[in-house]
Structures are given as structure tokens and as C-alpha cells.
Amino acid sequence: MGKKKHSKNPGVIKPYEVLKILRSSAKPLSGGEIQKRLGLTKRHRKFVKQLLVELLDEGKIVKAGSAYGLLEKMNMITGKLQVQRSGAAFVLPDDKGSKDIFIRPRSMNEAWHGDRVSVALLGNSSNGKNPEGRILSVLERGKQVFPVRVIRPTGATALLCTPTDPKLDFGIVVEPSEAVQTHSVAGGKFKKSDYKKANIDSSVSGSSEVAFDYSKVARGDILLVAPGDRIHPNLWKGKILKYLGREDDVLVQEAIVKANNGVPTEFPESALEEAAALPNRPSKEDFNSREDMREIPFVTIDGETAKDFDDAIYVETTPKGYRLRVAIADVSHYVAMNSPMDREAGKRGNSYYFPKSVEPMFPEALSNGLCSLNPDVERLAMNATIEFNKAGKPLSSKFASVVIRSHARLTYNQVYKAIIQGDEEERAKIQDVVPMLEIAEKLARQINARRQDRGSLNFDLPEPEIIFNLQGETTDICPRTRNFAHQMIEEFMIAANEAVAEFLTEREMPCLYRVHPGPDSMKLTNFFKILKKMGIAGEVPEPVTPQSLQQVLNSAEGADQEFLVNRMLIRSMKQAKYEPGNEGHFGLASECYCHFTSPIRRYADLTVHRALKVALGDEHQAMHAEKHLVGLGAHLSGRERVAMEAEREILKRLTIIFLKDKVGEQFTGIISSMAEFGFWVELQEVMAEGMIRLANLSDDYYTFWADRQMIVGERSGKAFRLGQKIVVKLDSVSLDMLEANLSVVKGGEDFKKYV
């Protein structure tokens, strides 16, 4: 028998050899062709496939059908697919310097909103601005699991569903008999591991094992599914992972939003075990080498429902003016770099807050326990002591690792009533800390006045607060109460953040700054054009400074359009982000700024704490290397946007549920934004927004004048403009599309008055 012939050892084949082969080829190559050119046989097919998968994941090659090619040779771009509510789709290139690529519905090629895709450029610009492309392949699914709404229950047989995310426009067919289960019977119990896979909170449906009979599934019920193969151009197969509940349940809506936005809801066992091993309180050994501030009467001031207290303050007078102490929970003492808790916190980026639940950055044993500055218990903290003159100007600052004991847990309303309103009954309840709080109020007003003088932008946009009854149903959506007690804490936190940033900068320590660039010039130009038509402002100021924009906000104060001007200016601003390069914070008119005051709920703050400890000479503290801060900052900025999107989505969903029984009612509102197909109206009786479509305006043919931000009737000359007050009727609401549809009852003016 002859000696068996072996092929070249695949262990010496490197990824760059595949790239070399593709560079020398005149056309894309299949996996088999690449295998042959590498000198390998069929027995090494898996090895070659693994090499190709790695190169695909790194974005170095792309796949077109069954062939592989180099990105630059195939005139392709990789990026993330974003589908807009209007149905238009764009790919946002991985190369941030490239223009977004317009994608027609027929060019989607099985891609969904949120997928990372490869795109072939078609060489035209069909929408006038962006190059057009065709999606060649899906490199990575943006959603591995997602919630669906049952639209056609059929007993124990297949269920027809649609994703709850309106940007996923296709159907899903699931069969109850194939549901993930611990037993072989339909409607069996779900394993706890399935919740982790589904990235969803097991508490939504009760315990960690939940039995459910799928024959009882009704229209409008919400399921969590994992998508499978496509069975029709707009229909996919799926597998049920979990029954979530009825659509109108607040916790179910929160579960939907968490799944839609990829908000993590389960901690890995390693992180939970690490948290469980922590002590209940600091040990005496922990106090060694720390400054003892237990006798200083620090207080915490937070909302009524807050459970994680990460900042405490104390203010006193000095011969020169004031002394402010800000003590922040020392999370870095308990969370070592690259430990299980640290890795999970870095992945999450921040805590995620919902009306009925919180997904914390750290397990509750840490966030609500050991690191929470609860009253009358010893806690480890990082302290910033800042000296101010009598006008509130900072003179000097120093920092230290300390041990403190909070002397009181106060609420914003308590402080407002006792200090700002002078309520005698409330003052008596907290009499021990009233003198300190009165000094704190004076200092906060001085700091605030100095911030206003330098041009810090204070946007007057009320935040919505959802009010629930005892049954958990939404009874109202109203502006969140805000008073000077909130402002007082904000001023002290901003002062501490600036002081730490300046300290680290002076010592040339790597720091993850909170950077806020100046406004987008094109958006700002459009903003001032609209203001000019509204009679509020003239030309764009030269130069554009925080002070000049602050004057615009002041000029709109008290007018019907005040909230609109604030919102439009915010939309013209660029997003704040985390970066290791100090570019200043435009909105705060601050030359040097970072986040230091919330390490329990923001990972960026934890990185700053570690840098501060190293700067103070802590030999045991590890810190993030400067070369890693660019990528970390981009990741944390992205997670912050996820939290913001999730917050907007749950508000929109609960608003629509709240408005369901108000269909047919009339409201007053202000026109808040416009598009070619209609305009949005902000309702005044309730914090909600609805849309009026031009197709539903039956008294005339209307045209959108983009340059004037007006919609004008061709025959009547009736005009609708930004900031105009009108009366509307709520015609319908749709959870499917996340829309509230309105019609005009009274409104519109003669366009000639604006010419």
C-alpha cells in the first residue's frame, strides 16, 4: 500500500496570504479556489472557511454571492444599515469620512435595520445628495432576537407575527411546538439560560421558569423570538424563546424596548459571584491611608425613589468665601480593572433607566449597597474640596481618598420646601442641616451666575414624567417637576467635574474628557433662517460663541415658541462624546471638563477615578492606558446613545397607550417640525406629539416650502409654520407604527404676512 500523501500544513497559512491571493486575482474567488491557490486540499476546507470568516469580521474582505474579494477592488463599502420611519434606508459607512449610502427597498437583499452590511456602489446619486448602493451581503445581524406581536393566532398551530420595531418591516411565522422549552411538550418551561440568550428580564413573566400554554395566545400578545430562514420575500421563520405578555402592560413594553435596543438585562454568573463575595460594609483596614471625614456632616440630595446614592455634599463659609466638599462613591476600590464586574460594566457603559425598572451598570449588591452613600453608615469615597471666593470663583482644589458617613438622606422637594420656600414645618424636620443648606444655596447661585456670564447654555426643555396609578396604568404624562434644589446639586457636580479635569490635565494624566463640539454650521445657518422668519433673531453671529447663542434663548423666553427655539437649537448642536483629547465643552462654555461624579452608573466616571488615584500616588491602582481611551470613548458614547434611544422609545410607547382612550378629543398644540409629507404638533394639555399628514388636509393642495419651513395651500394661501399654535383632533394611534395621527380643527394663517 502506497504512502498517504499529505497536503501543506495549514498551520503555517496566515490571513495575509489570503489577502495576497485576492490582490493578485483579476476577479473575486470562491472558497474552493482560494483553497487550491493556498496549496490545500478539501480536508482543510474548515480551516480555510475559518480564515475567511475572520477576514470578513475584520472588514478586510467582502462576500458577493459565493465569492470573496477585496473591498477596494470591488468598489464596496461596509457599514451599518439604518432604516428610517419613512421607509428610506441608508448605510452609515465604517469609514466615518464617507457619505451615507442611499439604499432602495429593492436593493436591501435580506438586510434588516441595524445589520452590518457590505454595499456595492452603483455610481449614481438618485436622491440628489447621497451615492446609491446595493447591499451585497449581511456581515452581522444587528438583532439576534427580537420581540414580535401576534397578529393572527391559530390555536396550537403556526402563529403569524410582526416585529414590534416598526423599522423591521416583515412577517415572522412561529410554531408553538418548536418553542424553546425544558420538556418536550408545547408550552413547557423556559430555562434561565434562555433568558440570557434572549437578553431579556426573566422577571417580566414571573420566576426563572415559566410555564405557558400557547393555545391561549391572543392577537396583540408579545413573544420573544429568534429569527430563522427566509421562506418568502417578506416572511421569515422564527423560534419562540419566551412569552412576554399583553401589549398594554408597562413591564412588557419595557421588555420590548430593552430587546429592541440591546439593553443587557442579565449579569454573567462571574460578575454576580464577585459582587456576592463583597463585604456588607468597609473594613477597618480599608480606612488605612484614607483621610477621615466621618465627622463632616455630608448629606445626599436625590429624588424620592432613588436607591443608588453616589454623591454627597457639604458646604461651609471661609474667610475668603466658601469651601465645597463633594464626596463620590469610591467604586474603583471594589472593582478591579479587567475583573468580571469591570468587564461587564465596561460592556454596558452606563445604567439604563425606565419608568418601572432600572438595568444597573453594576449588580445591586454594589450599586444599591456597598457603594451607595446611604445615611449613617461608613462608606469609602473620593473627595474633591474646592475653595471659592465670595463671588463663587474657584480659587484652588484638592483631592483625596476618604471615608465618610452621610448624616442625612434628603430629597430635592425637601430641600426646596425648607430652603427656597422657607416652609417652617419642613425646616423643623431637617433642622440640623438647614444652616449648611442655606450656605450651599448661596454658593450655588454664585456659581450659576458665573456660568451664565461665560455663556453656558441652559435649555428650557421640560422632561416628561409618566404618572402611574396603583394598578400600574398610565394616568398622565406631565412635565417633570424641577426646582433650584436640582440646580444646586448640578452646579456642585459641574464644579467638581471641572476641577478634576483641570487637575488631571495639569499633571498630563490620560483622561477621558467629556467633549462637546460647537454647532454644525449648516444646521445653525438653517436654524437662524427660521428664527429670522419667526422674528426672533437675525443673521448667524460671528463668531459663534456660547454667549451669542445664549442671547437667542433669552430672546425667546416667555414666548409661545420658547420650547421650539430651545429644541431647534439642540438639534443644531453636535452630540457630546467621550474622548482622550480635550476640546472643551461648548454647551457648558467649559474649557476643560470630564465626568467624575457618577461612577456607579457611568463607566467613563470610573476611568476618571482610576486616573485620579494614580495621579494622587496610589501605587495599587491600575488605570486605562491612553492608547485604549480612543476606542473606549467611542464605545461609551455609543452606549450612551443606546440609553437615550431606549428612553425615547419607551416614552413614545407609553404615550400611545395613554392616548388610546382619548381618540376623538381635541387639543391645542404648537407645530414643532415639518417634512414634505406633513408636520408634527406638540400637544399642550399632555406631553405628547402627533402628526398631521398633508394627504389628510382635504381643503386644498398643500406644498412644503423647505427654505421657509412653511406648508402653504396652493389655492387658499393658508399657511402652517413652525411655532404656530393650532387646535387639533386626535384621529388615531398606532403601536405598530408608534404614531399618533391628528387632524386640524382650527389653525393656519395667510402666508402673505410672512412674505
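User: In what order do the five strands close into a barrel, and what is the pairing?

Analyst: As a general idea, strands of a sheet pair through backbone hydrogen bonds, either parallel or antiparallel. In this predicted model, the barrel follows the order β9-β10-β11-β13-β12, and its pairing is mixed. From one strand to the next, the twist averages 50°.

User: How many bridges join strand β9 to strand β10, and in which sense do they pair?

Analyst: Strand β9 (residues 146–152) pairs with strand β10 (residues 159–163) over four bridges, in the antiparallel sense. Within that pairing, Thr-162 in β10 is the bridge partner of Arg-149.

User: Which strands does helix α5 lie across?

Analyst: Helix α5 (residues 250–261) lies across β9, β12 (221–232) and β13 (235–246). Relative to β13, helix α5 runs at about 140°.

User: How should the nonpolar cores be read, and which residues have the most contacts inside the largest one?

Analyst: In soluble globular proteins, nonpolar side chains tend to be buried together. Here the largest nonpolar core has 89 residues, and Leu-437 and Phe-492 are those with the most contacts inside it. Helix α12 (residues 484–506) supplies the largest share of this core, 13 residues. Leaving aside residues up to four places away in sequence, Leu-437 touches Val-299, Ile-301, Leu-410, Val-415, Ile-419, Ile-430 and Met-488. Another core, of 61 residues, lies apart from that one and includes Ile-466, Leu-549, Ile-671 and Phe-679.

User: At what angle do helices α14 and α15 pack, and how far apart are their axes?

Analyst: Helix α14 (residues 546–555) packs on helix α15 (residues 562–572) at an angle of about 155°, and their axes are 9 Å apart. Angles over 145 degrees count as roughly antiparallel, so α14 is roughly antiparallel to α15. In this contact, Leu-549, Val-552 and Leu-553 of α14 meet Val-565, Asn-566 and Leu-569 of α15. The residues of the contact comprise five nonpolar, one polar and no charged.

User: Why is α15 described as largely enclosed by the rest of the structure?

Analyst: The description rests on burial: nine of the eleven residues of α15 are buried, so the helix is largely enclosed by the rest of the structure. The buried residues are Glu-562, Phe-563, Leu-564, Val-565, Asn-566, Arg-567, Met-568, Leu-569 and Ser-572.

User: Which elements do the buried residues of α15 pack against?

Analyst: They pack against helices α13 (521–534) and α14, and against strands β27 (666–675), β28 (678–683) and β29 (689–693).

Key
Residues are numbered from 1 along each chain as its sequence is written. This is a predicted model: local features need pLDDT of at least 70, side-chain atom pairs count only at pLDDT 80 or more; totals for chains, interfaces and linings use all residues. Side-chain values use heavy atoms; hydrogens and water are left out. Axes are lines fitted to C-alpha atoms, for helices over the stretch in contact, and angles run from 0 to 180 degrees between N-to-C directions. Helices (H or I, at least four residues) and strands (E, at least two) are DSSP runs, numbered from the N terminus. Angles under 35 degrees count as roughly parallel, over 145 as roughly antiparallel, 65 to 115 as roughly perpendicular and the rest as oblique. Contact means heavy atoms within 4.5 Å. Ala, Val, Leu, Ile, Met, Phe, Trp, Tyr, Cys and Pro count as nonpolar, Asp, Glu, Lys and Arg as charged, and the others, Gly among them, as polar. A nonpolar core is a set of buried Ala, Val, Leu, Ile, Met, Phe, Trp, Tyr and Cys residues joined through side-chain atoms within 4.5 Å. Buried means under 20% relative accessible area, exposed over 50%, partly exposed in between (1.4 Å probe, protein chains only). Two strands pair if DSSP finds at least two bridges between them.
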